[in-house]
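User: Could you teach me how to read strand pairing and domain layout from a model? I would like the general idea and then the case at hand.

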Amino acid sequence: MKKLFVVFLLLALVATLSLAKVKIQFWHAMGGWRIDFLAQQAEKFNATHPDIEVQVQYTGSYRDTLNKLIVSVQAGAAPHVVQVFDVGTQIMVDGGIAVPVGDLMANDPTFDLGKFLPQVLSYYRVNGKLYSMPFNSSNAILYYNKTIFKEAGLDPDKPPRTFEEFKEAARTITKYYQGNVVGFGFNLHSWFFEQLMAAQSAPMCDNNNGRTGRPTKAVFNNEAGLKIFEWLNDMKKEGTMIETKVEDWTGARNLFISQKAAMLLSSTSDVALMMNASKENGFEFGTAFLPTPADAPAGGAVIGGGSLWIIGGHPDKEIQAAWEFVKFMADTEQQIEWHKATGYFPVRKDAVEQLLFSGYYAQYPDHLTALMQLMLSEQNYNARGAIIGAYPEIRTAVEQNLEKMFGGELTPAEALKRAEEAATRAIKEYNEVY
Amino acid sequence: MLPLLHAGGVSMRKLYPYLLLIPTFVIIIMFIYYPAGSALKLSLYKTSPFGNRTIYVGLRNFRQLFEDPEYLYAVRFTLIYVSVSVAITIFMSFIIAYMLTRGVPGTRIYRTFLFAPYAVSPAIAGTLWTFLLNPVVGHVNYFFAKLFGIQVAWLTSKPYAFYALIFATVWKMLPFDMIFYIASIQDVSLDIIEASTLDGANTMTRVWRIIFPLVSPITFYLVIMNIVTTMFSSFAIVDVMTSGGPGGYTTNMIYKLYLDAFTFQKRGPAAAESMIMFAIMLVVTIIYFSFAERKVHYQ
């Protein structure tokens, strides 16, 4: 009889506990094997937080995720935590649907914002307020094939640092392999244009890159922009560059992995993938900072990737649970694991310290490249990168005009001018409703 | 008949069919008429991405579209894309169907192989052709390089991106038309064929003067179906193969609509574009029902 009573009590306890569990939804855009990785992280969180249950869902690409979020918000079925890409930041702020994490931090004495990298925080701060929690942060770096460099008679420990050196290296390689290998594989993505602009400390739009007020026009038709367009156009004409179709990350990676292209600009989030792929395909690769024109002023690296947003309209208890989860994902241990598994750099100082002291970077220096590029960045509005609501459309404008330039329809100067005009139109149209 | 309905008498019997139709109507209204109505409403507004700000702009979305050179280009491109791919598909499917009804040994095997692309989803078809047409590691360029020593950037240069798109579209649409043609060619009475042979008609005359006119109702049906397919379902193939590039060169109306709605978050203009496509299809349908029904030769 006693035994039965104990069993009954235990059952009751379990029942109440499971009933009391706060359930929160987490939507993310990290495809492939990263789906499992994030599911495991959420399970770890569930295990250490018995009163919260996080349900993870992969919701397609960044764009798909944002579209699903928009629909779900209008239908009143929004998730609690959602990952949104860098250029979605202004749209999210304007949408007014998020609970700014800055507010939640202020009410949480256990949380220390000082532990986070100031460069990352300053990118995600809008009007002085932190709306979302930095999670997967990246910037663009140069990948180069050391094996090919050696064979073509170039110094594998001296990656090109300037546009001029870069063009020369591409020429040497293409000539050496008689066109079977080209110097540069270009992923036709406006993100690289934006990164190369910041690297020269040049602005994308007015009002200090949108940091001191809503931008009213695009201003990237300047000397720095023209240098980038001309640099790409020269290599295309010389036949030392192959471009992919628009925003074709996989296609660009394959050019590099199959050793058809000796150099590639890509996100640091590819480092782990490239380490495996280069081993499988029997070549050595190195990473370096983005090249810039020799006479360009010092600039910096723009934060790319995504951040975690907490969506409002849920009961307080659920928002608090969501905050716990977001805190967990940005915590030291998770950030280190995420960094090692992908190449996105940690957004925390203590994570960087731990990695440094454990000798990790001595073993895997390519994991350090993007982080160093960020640390050595100038801290100004132009190097920090622009924040524009109409960014997705601006990207298409840049990409379409680059394609027209590669097709020989437009000169670099014309292409740049048209891209800027289209971007300004997009900004004005976006501003109409605000 | 249910006893309950008997009790109601004539009026209940009259209501009965409507009762049975209710579920269908509920679904049609929920998923077709209501969304179409909201699209019409949306086309008169400018909306912020999350819908928290809207301003009524009347017909300005439409006016802006007709002043937008990019949109006008997309309309022109759609016209060319639709007419070229439909014409090629109709012609080729008829020829192939005719050959397959000649009793060649192994007809069934050919038919199965030729029908296979229809079972492939447009997105998969696009991916498949993207692999084959890859400028660096694709099979098509491998053969071109071996045979003619040339390498073509099929998906990223003019005018090859257009050719590639047409090729993939025809490849995908052909089997559907072919099956219809096979069935209708087999339906053509043997007496007519025999009579024409006796009258001394050669194969060309027989095919184009007798069989082709006799299957014209099917041709009209297929033309309409193909126009609908190439207008609306070409999104996946365009997205996967060229993403509308290079430089917007292969951006057709449906892809432009997708870009505006789901990439640029401009719901108002996108809704206006869907209204324009609706109007075009309305015209096509009216032509079909008034013109085709009268002029087409029915057996």
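User: Happy to start small: which residue stands opposite W27(A) in strand 3 of chain A?

Analyst: That residue is V82(A). A word on conventions: this is a predicted model, where local features need pLDDT of at least 70, side-chain atom pairs count only at pLDDT 80 or more, and totals for chains, interfaces and linings use all residues. Residues are numbered from 1 along each chain as its sequence is written, while chains are lettered from A and ligands numbered from 1 in the order in which they are written.

User: How many bridges join strand 1 of chain A to strand 2 of chain A?

Analyst: Strands are DSSP runs (E, at least two residues), numbered from the N terminus, as are helices (H or I, at least four); two strands pair if DSSP finds at least two bridges between them. Here 7 bridges join strand 1 to strand 2 (residues 52-58) of chain A, running parallel, with H28(A) partnered by Y58(A). Strand 1 also pairs with strand 3 (residues 81-85) of chain A, in the parallel sense over 2 bridges.

User: Why is strand 1 of chain A called largely enclosed?

Analyst: A residue is buried if 20 or more other C-beta atoms, placed from the backbone, lie within 10 Å of its own. In strand 1 (residues 22-28) of chain A, 5 of the 7 residues are buried, so the rest of the structure largely encloses it.

User: And how far apart do the C-alpha centres of domain 1 and domain 2 of chain A lie?

Analyst: Domain bounds come from an automatic or database domain assignment, which gives domain 1 (19-137 + 303-363) and domain 2 (140-300 + 390-432) in chain A. Their C-alpha centres lie 29 Å apart.

Definitions and conventions:
Buried ≥ 20, exposed ≤ 12 C-beta atoms within 10 Å, placed from the backbone.
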